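Please look through the structure below with some patience, beginning with its overall fold and ending with a few individual side chains.

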Amino acid sequence: MIKIAPSLLASDFTRLAEEVKTIDNADMLHLDIMDGHFVPNLTFGPGLISALRDKTDLAFDTHLMISNPEDYIEKYAEAGSDYITFHIEATDHSHRLIQRIKNAGCKAGVSLNPGTSLKDIEIILPDLDLVLIMSVNPGFGGQKYIPQINEKISRLNDMILELDNDVEIAVDGGIKLHNVNEVINAGADIIIAGSAIFGSENPYKAIEKFRDAGE
């Protein structure tokens, strides 16, 4: 079954606790951590995640779009993250970082920018719980989905099937109701959507529409 993960980045930051309550039918809450260095934007840190942790039972999917992610794993785990995903482009020691995430009690994910080859994660794929495919260039919300990413998702799905393990494929960027079917058909397990959910009149109903599309 497809999982839906609304991206907090698209919510109204003046009323975050209320916004989170509108999506309690989702499966996960996607948390984009940007440092203004690895990507050209700044968002929030572990303090905000910790403040939201007792406001919802949703799994926290923390996406580190930051340089030197190895310096922050324990902080984001302690804040309440269930998944911690780092960018393969941001570290030279990906296997060590995966083990640190798991030792901190979280599921480990790795993310790839649109131009990054799947070959870069082939050796670590058996150790992962999640692979996050970026379908836009990271750093800003509201971008259009890059259609060539469908082939990348499909190839990753084939790699996982060959390994016969339970790695989930998440896709983030530009996903709307009009294109979600093609993303799912390519092999996605987790749909991350921001403005299409939080920007709708009724986020709860928007999630149900995404879920219906997945069925």
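Helices (H or I, at least four residues) and strands (E, at least two) are DSSP runs that are numbered from the N terminus. This is a predicted model, in which local features need pLDDT of at least 70 and side-chain atom pairs count only at pLDDT 80 or more, while totals for chains, interfaces and linings use all residues. Residues are numbered from 1 along each chain as its sequence is written, and side-chain values use heavy atoms, with hydrogens and water left out.

The sheet is a good place to start. It is an open sheet of 8 strands with parallel pairing, in the order β1-β8-β7-β6-β5-β4-β3-β2, where two strands pair if DSSP finds at least two bridges between them. Its edge strands are β1 and β2, each of which pairs on one side only. Neighbouring strands are turned by 20° against each other on average, direction ignored; axes here are lines fitted to C-alpha atoms, for helices over the stretch in contact, and angles run from 0 to 180 degrees between N-to-C directions. Strand β7 (residues 168–172) and strand β8 (residues 190–193) run parallel and are joined by 3 bridges, and Val 171 has Ile 191 in β8 as its bridge partner.

Helix α8 (residues 203–214) packs on this sheet, touching β1 and β8, and its direction makes about 145° with that of β1; contact means heavy atoms within 4.5 Å.

Which residues of α4 are buried? They are Ser 94, Leu 97, Ile 98 and Ile 101, where buried means under 20% relative accessible area, exposed over 50% and partly exposed in between (1.4 Å probe, protein chains only). Seen down the axis of α4, these buried residues fall within an arc of 105°, so they line one face of the helix; the arc is that of the directions from the helix axis to the C-beta atoms. They pack against α3 (73–79), β4 and β5, whereas the face turned away from the buried side carries the exposed residues Arg 96 and Asn 103. Just after α4, Gly 105 takes a positive phi of about 95°.

Finally, consider the side chains of Phe 13 and Phe 44, which form a tilted aromatic pair, 5.9 Å centre to centre with 50° between the planes. Rings of Phe, Tyr and Trp (its six-membered ring) pair if their centres lie within 6.5 Å, and planes under 30 degrees apart count as stacked, over 60 as edge-to-face and the rest as tilted. Phe 13 is partly exposed, with a relative accessible area of 38%, whereas Phe 44 is buried, at 9%.
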